[in-house]
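Dear colleague,

Please find below the structure that I am handing over to you, with its sequence. A summary of what was found in it follows.

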Amino acid sequence: MPPRTGILLVVSGPSGSGKTTLCRRLAADKAAHYSISCTTRQPRPGEIADQDYHFLSQDAFEARVAAGDFLEHALVHGNHYGTLRSEVLGHLGAGTDVVMDIDVQGAAHVRSCTDPEIQRARVDLFVMPPSDAELLARLTGRGTDSEATIALRMANAIEEMRHWPSYTYRLLSATPEEDYARFKALLTAERLRVSRLAKNPAQDDCPTQTP
Ligand code: 5GP
């Protein structure tokens, strides 16, 4: 049995908030498993299938919905996105932390999920851009999206930002290094929760420290 159960770190925030970079960096540092989502949107230049996303046709996505393969799924910016159960459950059971980068609808689905393993594991964080002007600059600066896409993402971002009070934690983005330090501090603190110990220390006369 692993010394503690895995944490499911659910991260939302508008496109351009920097949340994907934070989640990816955590996985690159081997601090958590990054849940690779399925999507019906077209790959952007440079994106790699099955690393960035599992890119699916509409029919293939619908087949996986019908098969009950998704922990949650939602329509975001006109495309379907979904988290596979297989990207989350086995890892948590093995004591591995999982980070998922999903929109506010997906986070609401995970929040209302009745699976006790998910509820025990779940921690949610909303990443806020420092200002609307900075968000627009970040969205434009990517150089990968059309003007119409940027306008849609900006409008969606403003709507999405209304949801931050539903989250347990909020990170107001500053510099990438500061953001990452605070992000890791959150995970470190969550790992120290007594309720995450696989064995109840109250039953031990002399509990041992677990990492
Ligand atoms: P993008 O197309 O820019 O990669 O992502 C667009 C939005 O979809 C982002 O807000 C991202 O967090 C969200 N997203 C990515 N994967 C999932 C998923 O599996 N489920 C949900 N609900 N949203 C997702």
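**The hairpin of β5 and β6**

Strand β5 (residues 70-76) and strand β6 (residues 79-84) pair in the antiparallel sense, joined by six bridges. Please note that this is a predicted model. Within the pairing, Leu-75 is found opposite His-80 of β6. Two residues lie between the strands of this hairpin, and His-77 adopts a positive phi there, near 50 degrees. Strand β5 is mostly covered, as five of its seven residues are buried.

**The open sheet**

Five strands make up an open sheet, and their order is β2-β7-β1-β8-β9. The pairing in this sheet is parallel. Its edges are formed by β2 (33-34) and β9 (169-172), each of which pairs on one side only.

At the β9 edge, strand β8 (residues 122-128) runs parallel to β9 and is joined to it by four bridges. If you wish to locate this pairing in the viewer, Leu-125 has Tyr-169 in β9 as its bridge partner. Helix α8 (residues 176-191) packs on the sheet, where it touches β1 (8-12), β7 (98-101), β8 and β9. The direction of helix α8 makes about 160 degrees with that of β9.

**The ligand**

Which residues come nearest to the ligand? There are 17 residues around the ligand, and those that come nearest are Ser-37, Arg-41, Tyr-53, Tyr-81 and Asp-101. For three of these side chains, the distances between polar atoms are as follows.

- Ser-37: an N or O atom of the side chain is 2.7 Å from an oxygen atom of the ligand.
- Tyr-53: an N or O atom of the side chain is 2.5 Å from an oxygen atom of the ligand.
- Tyr-81: an N or O atom of the side chain is 2.5 Å from an oxygen atom of the ligand.

The ligand taken alone exposes 520 Å², of which the protein buries 95%.

**Leu-152**

Helix α7 (residues 147-160) contains Leu-152. Why is Leu-152 classed as partly exposed? The relative accessible area of Leu-152 is 40%, and the class of partly exposed residues lies between the limits of 20% and 50%, so Leu-152 belongs to that class. Leu-152 is 44 residues from Ala-108 in sequence, and their C-alpha atoms are 22 Å apart in space.

With kind regards

Technical notes: Residues numbered from 1 in each chain as written. Predicted model: local features only at pLDDT ≥ 70, side-chain atom pairs only at ≥ 80, totals over all residues. Heavy atoms only, no water. Pairing = 2+ DSSP bridges. Contact = heavy atoms within 4.5 Å. Axes fitted to C-alpha atoms, helices over the stretch in contact; angles between N-to-C directions. Buried < 20%, exposed > 50% of the residue type's maximum accessible area, 1.4 Å probe, protein only. Near = heavy atom within 4 Å. Polar contact = N/O pair within 3.5 Å; in protein donor to acceptor, adjacent residues only side chain to side chain. Areas by Shrake-Rupley, 256 points an atom, 1.4 Å probe, with all protein chains shown as cover.
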